[in-house]
Every structure is written in structure tokens, then in C-alpha cells.
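Trainee: I would like a close look at one part of this model. Please take me through how the helices pack.

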Amino acid sequence: MDQSLPTTRDGRRAAGHPAVIDTAGVTRSFDALVAEALAAPIEGWNFDWLDGRATEERPPWRYSRRATRAIAEADRVLDVQTGGGELLAEMLADAPTDPAMVAATESWAPNAARACRTLAPFGVRVSVVEDASALPFDDATFDLVLSRHPVVTRWDEVSRVLRPGGRYVAQHVGAGSNRELTDFLMGEQPVASLRSPERAEVDARRAGLDVRDLRRATLVVEFFDIGSVVYFLRLVPWTVPGFVVDRYRDRLSDLHRSIETEGAFRCHAQRFFIEAVRPG
Ligand SMILES: C[S@@+](CC[C@H](N)C(=O)[O-])C[C@H]1O[C@@H](n2cnc3c(N)ncnc32)[C@H](O)[C@@H]1O
């Protein structure tokens, strides 16, 4: 979604989507939509399967454009938690100049394998690293560290691997993202401040970085059929931790009926943009 669910918001598209209406013009059943969503592949970090079935607004700051500009000004670049490497590959292709060295980290094995393939044409070295682990690079290696939607951020490590004057440019998921969906399935859950922009700012400063820019956005997300919800919960497993259809079948069935009546399930994603500099 920019992690990213498709952006188009032209109304109830899924109502006429071939996945939702069968060839006889009949709306497909809950079971058929769920089964299809469970069979769809989820490796990579690619939301194309949801095209026409779910949408998400984009933040106004346009992360990939900013990050591409930053790449063009950098010599040595690191992308932390690159996923399948799709976004980094796109940005490297768009950047007018090639950095001397680009590295990426990824923790989840299916994505790491994909990132190696996607990023090989750009000469990117992909390291398999747990999200909460130290970064496998020497001090002051990079003049730009990027990250979009990291699961956790080791601010101490970001600061350590940046050269003096180097920048961290990132878009993070904020606290309580899509909490309406979480709460619908699990009952009301507390929102942890761990992912808040305020907390990120404090942690970045503690690690010795100067926070130069911090912007927040709340984005409308709409799901137009229950298959899109199930697919999303598989792809973004921290929305409902430990999600499996059987455990939530009754609530999913309620949600399916609600979408059929209302046309969509609406919730809100939280995002923030942060740019921080290691003082020279
Ligand atoms: C949210 S993804 C973002 C990837 C990339 N930076 C992007 O924006 O396209 C960040 C991390 O989530 C983790 N991740 C993604 N799918 C996962 C899954 N199904 N299970 C566990 N971790 C997953 C991976 O470690 C990945 O690097």
C-alpha cells in the first residue's frame, strides 16, 4: 500500500469486478471469495491482486519521488526491509544517476529471495537480516538510508551506519493503522504508541539524529469484497496477529454481509514521513 493498495477510488468497483460477479452475473458466495483469497500467492510486497477490489489514498508527500531524488544525490545507499525489492528497483530505474553502491536488507525468506532476483540487474547486494537485528555494515558506510514501512526501526543502527551528514528518508506506518478492521475482527484493541511519529522522533533524537522533517497523514482505505479483506490480512499479517480464516469465520461473515449492504468496508491507514540527518 504506496505499501500499497491501489489508489483508484471510483466508487464501488468490486460490485462489477469479475472476481466478485460470476459469468452468469451472480454475486459469488462468501465461501468462494474467501477460498480464492486464500489460494492467491502473497510473496513480494505487491498489492496488484487487489486492483478493483480495495483502494487506499496516497499520502501527499510522495515518498517514492522524494526517495528517488535523494538516491540521485547519494553515493552509497541502503534500503532497510526492502520487501521483494519492487519499490527500490523502481526508484533506481527512475533515478537520473546511479549511486556507486546500493545495499538492501530483508528478513522474510520468500521476500529476500525475490528481492535478490528483482535487484540483481541493479547490482544491489541483499543481506538477510532479522528486522530487529543490527545492520551488517561498518560504521559510517552510507550517505542515504531509506525505508518504507519498516516493521521495526533500529534507530541506533541507522545512525551508526550513516556517514556524518548522511540522511535517513523514510515512510513509516503510524500507530493504530487500519484499527477499524482490527477492532471489527478482534474486538476493541488498545493502540500502542510504539509506532507513533512522536515516538519515532524521540527515538531518532536519542540515537543522535536531527529530525528535519516529520509529516503525518490519515488515509481512507476501502475494501469492496470479503476476498480483498482476507487477502489483505494474509499480506499484512500484523493487522490481526495470528490471522487464520477459521478463527474469524463468524466475524468475516458479518463483514461480508456488511460490505454487501453498504458497498464497502471503510477504515483508515496511518502514515508518517520522516527525514533525519546525522550531524556532520
Ligand atoms: C511492510 S514490508 C515493506 C517492504 C518494502 N519496504 C516496501 O515498502 O515495499 C516490510 C517488511 O515486512 C516483512 N514482511 C512482509 N510480509 C511478511 C510476512 N508475510 N510475514 C512476515 N514478515 C513479512 C518483511 O520483513 C518486510 O521487509
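Mentor: What follows goes through the helix pairs one by one, then turns to the ligand and the whole chain. Keep in mind that this is a predicted model.

The protein chain has nine helices and eight strands. Start with helix 8, residues 226-235. Helix 1 covers residues 30-39. The axes of helix 1 and helix 8 lie 8 Å apart, at an angle of about 30 degrees. Angles under 35 degrees count as roughly parallel, so helix 1 is roughly parallel to helix 8. Their crossing is right-handed. Helix 1 brings F30, L33, V34, E36, A37 and L38 to the contact. Helix 8 answers with I226, G227, V230 and Y231. By class, this contact of helix 1 with helix 8 holds eight nonpolar residues, one polar and one charged.

Now take helix 8 with helix 9, which spans residues 245-262. Here the angle is about 140 degrees, and the axes are 9 Å apart. Helix 8 and helix 9 are therefore oblique to each other. The crossing of helix 8 and helix 9 is right-handed. From helix 8, the contact residues are I226, V229 and V230. They meet V245, L252, L255, H256 and I259 in helix 9. Seven of the residues in this contact of helix 8 with helix 9 are nonpolar, one is polar and none is charged. Note I226 and V230: they face helix 9 and also belong to the contact with helix 1.

Next come helix 2, residues 63-72, and helix 3, residues 86-94. Their axes come within 9 Å and cross at roughly 55 degrees. That makes helix 2 oblique to helix 3. This crossing of helix 2 and helix 3 is right-handed. On the helix 2 side are S64, A67, T68 and I71. On the helix 3 side are L87, E90, M91, L92 and D94. The contact of helix 2 with helix 3 has five nonpolar, two polar and two charged residues.

Then the ligand. It has 16 residues around it. W45, Q81, G83, R148 and H149 come nearest. The shell around the ligand divides into five nonpolar, seven polar and four charged residues.

Last, the whole chain. The C-alpha trace of the protein chain spans about 65 × 40 × 30 Å along its principal axes. For 280 residues, a compact globule would have a radius of gyration near 19 Å. The protein chain has 20 Å, which agrees.

Definitions and conventions
Residues are numbered from 1 along each chain as its sequence is written. This is a predicted model: local features need pLDDT of at least 70, side-chain atom pairs count only at pLDDT 80 or more; totals for chains, interfaces and linings use all residues. Axes are lines fitted to C-alpha atoms, for helices over the stretch in contact, and angles run from 0 to 180 degrees between N-to-C directions. Helices (H or I, at least four residues) and strands (E, at least two) are DSSP runs, numbered from the N terminus. Angles under 35 degrees count as roughly parallel, over 145 as roughly antiparallel, 65 to 115 as roughly perpendicular and the rest as oblique. A crossing is left-handed if the near helix is turned anticlockwise from the far one by less than a right angle, and right-handed if clockwise. Two residues are in contact if their C-beta atoms, placed from the backbone, lie within 7 Å. Ala, Val, Leu, Ile, Met, Phe, Trp, Tyr, Cys and Pro count as nonpolar, Asp, Glu, Lys and Arg as charged, and the others, Gly among them, as polar. A residue is near a molecule or strand if its C-beta atom, placed from the backbone, lies within 6 Å of it. The radius of gyration is taken over C-alpha atoms; the globule rule is 2.2 Å times the number of residues to the power 0.38.
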